[in-house]
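This report describes one protein chain together with its ligands. The sequence and the model are shown first, and the description follows.

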Amino acid sequence: MSRDPIDRAGLAPRYWERKRLDEMTRAEWEALCDGCGKCCLNKLEDADTGEVVLTRVACRLFDDTTCRCGQYEIRHQFVPECIVLTPETIPDHLYWLPATCAYRLLYEGRPLYDWHPLISGDPTSVHEAGVSVRDRTVPEFAVDEDDWEDHVIEEPR
Ligand code: SF4
Ligand code: SF4
């Protein structure tokens with residue numbers, strides 16, 4: 001088992017089943033992230049229909065090997081547009097949040113999947129389940145934005 005890049009130590013068992021999202025501590029909230037990396041992929045939105053599709057073109061700070069943000073704590077210095085997900089802002093982002101995102105699942109009153117690290121106890125289980133984008137992305141500095149549509153993918157889930 002590899003080291004978990006998210007600190008999930010000392011959290012109460014199954015706290016996400018007993019607390020509302022807006023009752024969680026910062027540590028509990030951060031630990032909900034399964035590390036899939038899908039929210040760090042660039043999306044394309046159809047201006048007419050509003051339909052959002054995923055590309056495999058990752059944010060410039062995304063580390064494809066660890067499947068994590070390379071500068072999470074200071075990311076806004078480099079990517080000011082990176083969103084800050086909170087219980088209050090989830091509704092604004094539901095139209096693009098990945099179908100398996102833990103924040104989305106809990107907001108919609110659904111359970112976490114068995115491969116979620118909080119349940120499996122193993123941070124690699126999200127990758128082994130084939131749900132993450134580890135080793136599947138291309139960096140945005142390598143692809144002209146006009147060509148992103150050539151890199152549209154189905155969400156791995
Ligand atoms: S999509 Fe959700 S669960 Fe996956 S990395 Fe992003 S915030 Fe975490
Ligand atoms: S700044 Fe970091 S957290 Fe935000 S989209 Fe880029 S890689 Fe992901």
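Which residues are around ligand 2? The question is taken up directly below, with the model being a predicted one.

## Ligand surroundings

Ligand 2 is enclosed by Cys 40, Cys 59, Leu 61, Phe 62, Cys 69, Tyr 72, Arg 75, Val 79 and Cys 82. By class, this shell comprises 8 nonpolar residues and 1 charged residue, with no polar member.

Around ligand 1, the shell includes the run Cys 33, Asp 34, Gly 35, Cys 36, Gly 37, Lys 38 and Cys 39. Pro 98, Cys 101, Ala 102 and Tyr 103 also belong to the surroundings of ligand 1. The shell of ligand 1 divides into 7 nonpolar, 2 polar and 2 charged residues.

## Overall architecture

The protein contains 6 helices and 6 strands. Read from the N terminus, the order of elements is α-α-β-β-β-β-α-α-α-α-β-β. The radius of gyration is 16 Å, close to the 15 Å that the globule rule gives for 157 residues, so the protein is as compact as a globular protein of that length.

Along the principal axes, the C-alpha atoms occupy a box of roughly 45 × 35 × 30 Å. Of the 157 residues, 25% count as buried. Among contacts with a sequence separation of 6 or more, 61% join residues that are 24 or more positions apart.

## Nonpolar core

The largest nonpolar core is made up of 26 residues, and Leu 32, Cys 40 and Ala 102 have the most contacts inside it. The elements β2 (52–58) and α4 (102–107) each give two or more residues to this core. The greatest contribution comes from α4, with 4 residues.

Two of these well-connected core residues also appear in the ligand shells: Cys 40 is among the residues around ligand 2, and Ala 102 is among those around ligand 1. Leaving aside residues up to four places away in sequence, Leu 32 touches Trp 16, Ala 102, Tyr 103 and Leu 106. One of these partners, Tyr 103, is likewise in the shell of ligand 1.

## Strand pairing

Strand β2 pairs with β1, β6 and β5. With β1 (residues 41–45), β2 pairs in the antiparallel sense over 4 bridges. Within this pairing, Leu 41 has Ala 58 of β2 as its bridge partner, and Lys 43 is bridged to Leu 54 of β2. The hairpin of β1 and β2 has 6 residues between the strands, and Gly 50 there adopts a positive phi near 80 degrees.

The pairing of β2 with β6 (residues 152–153) is also antiparallel and comprises 2 bridges; Thr 55 stands opposite Val 152 of β6. By contrast, β2 and β5 (residues 138–139) run parallel, joined by 2 bridges. In that pairing, Ala 58 has Pro 139 of β5 as its bridge partner. Ala 58 is therefore a point of bridging to both Leu 41 and Pro 139.

## Backbone conformation

Most residues other than glycine have a negative phi. Arg 14, although not a glycine, has a positive phi of about 55 degrees. Arg 14 is placed in the segment before α1 and counts as exposed, because 11 other C-beta atoms lie within 10 Å.

Cys 67, also not a glycine, has a positive phi of about 65 degrees. Cys 67 belongs to the loop between β3 (62–63) and β4 (68–69). Is Cys 67 buried or exposed? With 24 other C-beta atoms within 10 Å, Cys 67 is buried.

## Exposed positions outside the helices and strands

Tyr 95 lies in the loop between α3 (90–93) and α4. Tyr 95 counts as exposed, because it has 11 C-beta neighbours inside 10 Å. Tyr 95 and Gly 50 are 45 residues apart in sequence, and their C-alpha atoms are 8.9 Å apart in space. Gly 50 is the residue with a positive phi in the hairpin of β1 and β2.

Ala 9 is located in the segment before α1 (15–18). Ala 9 is exposed, with 8 other C-beta atoms within 10 Å. Ala 9 and Cys 40 are 31 residues apart along the chain, and 25 Å separates their C-alpha atoms.

Notes
Residues are numbered from 1 along each chain as its sequence is written. Chains are lettered from A and ligands numbered from 1 in the order in which they are written. This is a predicted model: local features need pLDDT of at least 70, side-chain atom pairs count only at pLDDT 80 or more; totals for chains, interfaces and linings use all residues. A nonpolar core is a set of buried Ala, Val, Leu, Ile, Met, Phe, Trp, Tyr and Cys residues joined through C-beta atoms within 7 Å. A residue is buried if 20 or more other C-beta atoms lie within 10 Å of its own, exposed if 12 or fewer, and partly exposed in between; C-beta atoms are placed from the backbone. Two residues are in contact if their C-beta atoms, placed from the backbone, lie within 7 Å. A residue is near a molecule or strand if its C-beta atom, placed from the backbone, lies within 6 Å of it. Ala, Val, Leu, Ile, Met, Phe, Trp, Tyr, Cys and Pro count as nonpolar, Asp, Glu, Lys and Arg as charged, and the others, Gly among them, as polar. Two strands pair if DSSP finds at least two bridges between them. The radius of gyration is taken over C-alpha atoms; the globule rule is 2.2 Å times the number of residues to the power 0.38.
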